[in-house]
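User: I am new to this structure and would like to understand the words used to describe it. Please take me through them step by step, setting each value against the rule behind the word.

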Amino acid sequence: MRKYFFFGIIFVVWGLFLSQVLTLCLYDRMYNLDDDELAWMSPYEEGDTILFRSSTSDEYDSLFVNEKAIHNSTSRLVSNVGAEVFNASGSFHAKMWHNKNQLEFRFLIIKENKTDLFVRLNFADRFSTLLHGPSNHLYLEDYNGILKMYKYTVDDVVYNDLVFVEDFNSELLKVRWNPCECDNFLWSKSKGLIKYKYADTDSIKGDVYTFYKRLPYQEPKSKGFWNILFGE
């Protein structure tokens with residue numbers, strides 16, 4: 001009888017221990033991206049090349065999407081030790097080539113809570129931090145005003161989901177890392193970068209570039225025996 005009692009105590013202790021471990025391994029709260037918020041990640045895929053055409057010359061800029069990541073797990077198991085809240089996120093990391101100069105381009109979204117989506121855009125040395133709240137409005141994080149999404153026509157194409165990033169809703173890094181400075185740019189929620197202007201202080205004298213063509217990434221064709229034999 002004592003033997004069964006002893007094993008019963010061990011069973012209860014192990015049960016309490018495992019319940020505590022499982023509690024520590026589960027998120028207290030989870031904030032996931034819904035379909036409308038995931039649409040912010042729809043413009044590009046990893047490996048895409050996007051071309052932009054100058055408004056004053058026959059020159060082109062090329063944007064290479066090096067990385068695309070979406071973290072939107074619905075599992076309550078903690079992936080980071082010590083984390084109590086899961087905030088879903090998505091990001092693009094790309095490089096812009098302009099006149100043999102390489103410029104940084106980054107885009108980030110984070111689900112802050114049930115209603116708010118943190119949005120950050122970075123082109124060259126210009127950063128814009130926004131907050132996407134209820135009613136499809138973009139709230140300026142450091143201001144009391146509301147930044148609505150614009151409807152605008154660029155090269156005869158109508159976009160109704162544009163964010164206009166300029167001086168009043170962005171900032172420039174105090175230490176300049178990129179060879180060219182972005183004065184302003186238009187970002188479409190569904191199509192990505194649409195139009196941008198370089199600063200007048202640069203050698204390009206404020207040239208404006210607009211979206212020209214997207215070249216989706218294509219997997220390399222696997223070479224079989226006959227392809228190798230005939231040099232294809």
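Analyst: A strand here is a DSSP run of E with at least two residues, and a helix is a run of H or I with at least four, both numbered from the N terminus. The model is predicted, and by these rules its chain has 3 helices and 16 strands. N99 has its place in the loop between β5 (89-98) and β6 (101-111).

User: What makes the phi of N99 worth a remark, and why is N99 called partly exposed?

Analyst: The phi of N99 is near 50°, which is a positive value in a residue other than glycine. Partly exposed is the word for values between the 20% limit for buried and the 50% limit for exposed, and N99, at 38% relative accessibility, therefore counts as partly exposed.

User: Where is A124, and why is A124 called buried or exposed?

Analyst: A124 is found in the loop between β7 (117-123) and β8 (126-133), and its phi, near 55°, is again positive in a residue other than glycine. Its relative accessible area is 3%, so A124 is buried, given that buried means under 20%.

User: How do you know that β11 and β12 pair, and in which sense?

Analyst: Two strands pair if DSSP finds at least two bridges between them, and β11 (residues 150-154) and β12 (residues 157-165) share 4 bridges in the antiparallel sense, so the rule is met. Within this pairing, T153 stands opposite V158 in β12. The two strands form a hairpin with 2 residues between them, and D155 in the turn has a positive phi of about 50°.

User: What is the other pairing of β12 that you can describe, and which residue is the bridge partner of L162?

Analyst: β12 also pairs with strand β14 (residues 182-188), in the antiparallel sense and over 4 bridges, and there the partner of L162 is S188.

User: How many disulfides does a search of the whole structure find?

Analyst: The search finds 0 disulfides, which means that no pair of cysteine sulfur atoms lies within 2.5 Å. As for two of the cysteines, C180 counts as buried at 5% relative accessibility, and C182 counts as buried at 1%.

User: What makes the nonpolar surface patch, and why is V175 called exposed?

Analyst: L173, V175 and W177 make a nonpolar surface patch of about 360 Å². V175 lies in the loop between β13 (171-172) and β14, and since exposed means over 50%, its 53% relative accessibility makes V175 exposed. L173 has its place in the loop between β13 and β14 and counts as partly exposed at 35%. Leaving aside neighbours within four places in sequence, L173 is in contact with D125 and F127.

User: Why are E37 and K111 said to meet in a salt bridge?

Analyst: The rule asks for a side-chain nitrogen of Lys or Arg within 4 Å of a carboxyl oxygen of Asp or Glu, and the side chains of E37 and K111 meet at 3.2 Å, N to O, so the pair qualifies. E37 lies in helix α2 (residues 35-38) and K111 in strand β6, so the pair ties together parts that are 74 residues apart in sequence. Both count as buried, E37 with a relative accessible area of 5% and K111 at 5% relative accessibility.

User: What makes R214 and D48 a salt bridge, and how many salt bridges does the count give?

Analyst: By this rule the count comes to 8 salt bridges. The closest N and O atoms of R214 and D48 are 2.6 Å apart, and because the limit is 4 Å, this pair also satisfies the rule. The pair links distant parts of the chain, with R214 in strand β16 (residues 208-215) and D48 in the loop between α2 and β2, 166 residues apart. R214 is partly exposed, with a relative accessible area of 33%, whereas D48 is buried, with 1%. Elsewhere, salt bridges that share partners join K95, E104 and R106 into one network.

User: Why is Y31 called buried, and which residues does Y31 touch?

Analyst: Y31 lies in strand β1 (residues 29-31) and counts as buried at 14% relative accessibility, a value under the 20% limit. Not counting residues up to four places away in sequence, Y31 touches several residues, including V85, F86 and K111. Y31 and V85 are 54 residues apart in sequence and 7.8 Å apart in space, C-alpha to C-alpha.

Technical notes:
Residues numbered from 1 in each chain as written. Predicted model: local features only at pLDDT ≥ 70, side-chain atom pairs only at ≥ 80, totals over all residues. Heavy atoms only, no water. Buried < 20%, exposed > 50% of the residue type's maximum accessible area, 1.4 Å probe, protein only. Patch = residues over 30% accessible without salt bridge, like charges linked within 9 Å, V, L, I, M, F, W, Y side chains within 5 Å. Areas by Shrake-Rupley, 256 points an atom, 1.4 Å probe, with all protein chains shown as cover. Contact = heavy atoms within 4.5 Å.
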